Amino acid sequence: MTDWILFSNGLPPVDVRELEIFYDPVGTQNRLKAATYGRGLWQSDLFESGVLNPAGFTAEVSSNTRVDLSWILSQDNNVMLAFNTSPSFGTPVDGTTYTTTIPGGGTVLYNGGNAAFDHTSLSSNSIYYYKIWSYDESGNYSSGSTANATTTYSLAEFSADNSNSCAGSLTVTFTDASLGAWNSWAWDVDNDGTTDYTTQNPTHTYNSPGLYSVKLSINNGEDEIIKENLILVTSSAPTVNTSCTLSSNNNIGNGYGIGIYRFALGNIDYPTSSNDGYYQNYTCLKWTALELNRTYNVTVQTGTANNEGARVYIDYNDNGIFEAGESVASFPSNKTGTRTLSFTVPSTGVVLDKALRLRVLSRFNAIPSNGCDISSYGQAEDYTVLVVSDATWSGSVSSDWATSGNWNINVVPLSGAKIKIPAGAPNFPVLTGSVTCSDLTIMAGASVTINPGKTLTVNRLLTNHAGASGLIVKSDAGSTGSLIHENSGVQATIERNVGAYTSGDTGWHLISSPVENQEISGDWTPSSSIYDFYAFDESLIYGYWLNQKVPANNMTHFIPGKGYLVAYENTAVKTFEGAVNVTGLTLNGLTNTTTGSYPGWHLTGNPFASAIDWNSGSWTKTNIDGIMQVWNSQASSYQTSIEVGGIVPSMNGFMVHTSGNGLLGIPADSRLHSSVNWYKSTDDFILLKANDLTGHSSQSSIVRFNPQASEGFDNEFDSYFLAGFAPMFYSRTSDGSYSLNTLPLQSNELVVPFDFVGNGNDDFNIELAKSLPGSVIYLTDLKLNTVINLTESPVYRFSSVEGDLPGRFLLTFGSVGVDNPEVKQVSIYAYRNLVFIKGAGSGSDVTISTLQGQQLFRTKAGDGGVEMLNAGNIATGVYLVNVISTNGIVGKKVMIIN
């Protein structure tokens, strides 16, 4: 290459801090990367020449004696594959063909154009090394790629000596029957996600009635097996049949071979003797689980010496009567012996998740006509069945979860169902509404998708064998799907739609990770566009936003519970992939650095795949203010938890304030589903918004009243102001600046000062977005000496220029009907050198006098409302203000400050 082109052409000067050549053995991401200061990461593809190695070379163990090898052909060249029992391989010489061994090491396994090879007849528990080369038509070889595998293979299996009890408890011994090499066992005897035993053959007592599945994992998770619905413990036998009575007959010890030799259905396969009596009750010994709308084979074996018929009943509705419609199989009278028929459990009319009685009857020379008909020679046996609320996805109609035809039970599963999503379905389920279930199992090769704004709650156990691609939570510009479950280790892909950065003030987002160990790479740091990614350091005066692009900041992974500030050139859906966070976490040692620019403020994050409620659950807020703040990207400002109703959406960062040595515990029981960006609070408060009409940003400020609050800062009720990009607008007291100011009492004499500082634009308004019932809200513009009744005209438009004094506005209050000119409704108060009079009748005389009676000022009231008198020419002191009307005189002492 003779002509070099500067990558910085057309750009301001940039400082390249790092140059790296990245070579990917897979061969798909070879890059030259240049890290610049302030201009992002630049990269270009590497140019490669010669014969390239096959890509994606892997060696996977499929048994104790077999390794499966696969690769991707490069440039359509053939390959040579070799193995060795040590990592030493010779180097093939160009132009030479090898069919047996390679000088220097390696036995040739394969030459040709295939992309896979199965290496068989190997020794168990041995390591095998492999190397593969590409070669072109001229016999030139590539450098070669390597892989290795150890033939240690395990297949989990076990048995249980008991599976049924009617006594309310059951002791079971589990026997490991796993194949292959194994050295560890993890038994979860109720499949709740918690390991109960680590011995090889444990004994466990189930002390509570229930239906239990059992899981065995061996070799530290190398293989596992779950036996669904294996153990049934009930407190009593199934409901007794009351429709008829079985009477003793001549079957005991008969020599005609009449009776039931074997019965099989589901997990029941029980051989018995033909002479074991006219009736046997096995309901507390043998049982099986059935599913709605599923077809099963039932087998009955009778004698072969005489004609004999049989019938099977299940008391589906649990009413103690074997009704005609509950006959599930009828076997004709003959000498065949073992016979099998099929039946389908109905979709409706079945009592679920309760032990039901099954009866099988035989009769000499006829089919039993009812649930007690065994005649003089025949037999009856009772077993237990439990029709579970389990449901299996078929996907035969569509991908819509809420479509009945997509389920094997032909109805949409209820909230208590145990649900399985198998592989191989023509469509996999997509949630188009809110779904709740007891258990959800996603098999390898299957998937479940939660659409934006839709929710999934799994109350007991969520199992995902398909990895991150098997559980997908979608997001769009309007909302994000929501997931709540209890057990840890569940892999998922969780999307987050992030709107584009449009200006210096908008397009910023506070983000946090809902999964463990998420890398800050890929879509989160796109090399194809401009982006910003920051963490927040409370202790710093300058540079408190730490740039991820600076290597010294060591920001490689999201930290659960920590918030980040991001902005991207283009709107995009970013993804989190990994194990979903489900347990609460604690952030401790939160500081209040008085020398910092934002003392006491910390950027935390919602660590869950659902929203959380700041005001609900077992939060720990030691030395933490009771009000948090969230970022509103559209308004370009922070909003308090009072305004947003305390709801923090999934994957959202939020600001908390501490007085020092703070501890914040974010609990799992604060999780809830929220399909909108923010809930609005129903609390009573006054919400004012200062809106930038040019840049379209907005800053909220709240005033509310609580008799438990003080005039100063209360960490339970108040929140300090936190500036964003919107105009700064906040109430002010001697203790500081407030986004939320809670005062003890509302009165007509109360004055709340507000500061306003523009953001470089000049056209603004102040909007009364929410008011208190029965109140009249007045806004005084001190720059223009104007009083506005916001209750009547809730939007006040004004201009502001650089150099305006911050203390421009006052908020005062009245009551509905205050303009009625009655003496008892006249209110007089002062703020610094301004005197306010409310409720004075039109034409009333207003005077200001010294306490000795010397009149300094006199005027007449206007048409009602608020009179504002400027006492700037009167010396600081206490004066008497009188309002004189035909209804009487109202006077009050006020303090004037100049």
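**Exercise 1. A lysine over two rings**

Find where K621 lies relative to W619, and which other ring its charged end sits over.

Solution. In this predicted model, K621 lies over the face of W619, at 5.3 Å from the ring centre. Next, take W614: the charged end of K621 sits over the ring of this residue, 3.8 Å from its centre. The cut-off for a charge over a ring is 6 Å from the ring centre.

**Exercise 2. Classifying two aromatic pairs**

Decide whether the pair Y278 and Y279 is stacked, tilted or edge-to-face, and do likewise for F705 and F813.

Solution. Start from the geometry: a pair of aromatic rings is described by the distance of the centres and the angle of the planes. Planes under 30 degrees apart count as stacked, and over 60 as edge-to-face.

- The count of aromatic pairs comes to 51. For Y278 and Y279, the centres are 6.5 Å apart and the planes stand at 45°, so the pair is tilted.
- Y278 is partly exposed at 24% relative accessible area, and Y279 is partly exposed at 25%.
- F705 and F813 are 5.7 Å apart centre to centre, with 80° between the planes, and form an edge-to-face pair.
- This pair links distant parts of the chain, with F705 in strand 54 (residues 698–705) and F813 in strand 63 (residues 809–815), 108 residues apart.
- F705 is partly exposed at 22%, whereas F813 is buried at 0%.

**Exercise 3. Disulfides**

How many disulfides does a search of the whole structure find, and what pattern do they follow?

Solution. The search finds two disulfides.

- One of them is formed by C166 and C284, with sulfur atoms 2.1 Å apart. The link has -110° about the S-S bond and is left-handed. C166 lies in the loop between strand 13 (164–165) and strand 14 (170–176), and C284 in the loop between strand 22 (279–281) and strand 23 (287–291), 118 residues apart. C166 counts as buried at 14% relative accessibility, C284 as partly exposed at 35%.
- A disulfide also joins C244 to C372, S to S 1.8 Å. Its torsion about the S-S bond is about 85°, so the disulfide is right-handed. The pair ties together parts that are 128 residues apart in sequence. C244 counts as partly exposed at 22%, and C372 is buried at 10%.

Counting bonded cysteines along the chain gives the pattern 1-3, 2-4.

**Exercise 4. Sheet edges**

Which strands stand at the edges of the open sheet 30-31-33-35-37?

Solution. The five strands pair in parallel. Strand 30 (391–392) and strand 37 (482–484) each have a single partner strand, so one side of each is left without a neighbour in the sheet. Three bridges join strand 35 (residues 455–464) to strand 37, where T455 stands opposite S482.

Definitions and conventions:
Residues numbered from 1 in each chain as written. Predicted model: local features only at pLDDT ≥ 70, side-chain atom pairs only at ≥ 80, totals over all residues. Heavy atoms only, no water. Phe/Tyr/Trp six-rings, centres within 6.5 Å; stacked < 30°, edge-to-face > 60°. Buried < 20%, exposed > 50% of the residue type's maximum accessible area, 1.4 Å probe, protein only. Helix = DSSP H or I, 4+ residues; strand = E, 2+ residues; numbered from the N terminus. Lys NZ or Arg CZ within 6 Å of the ring centre and 35° of its normal. Pairing = 2+ DSSP bridges. Disulfide = S-S within 2.5 Å.
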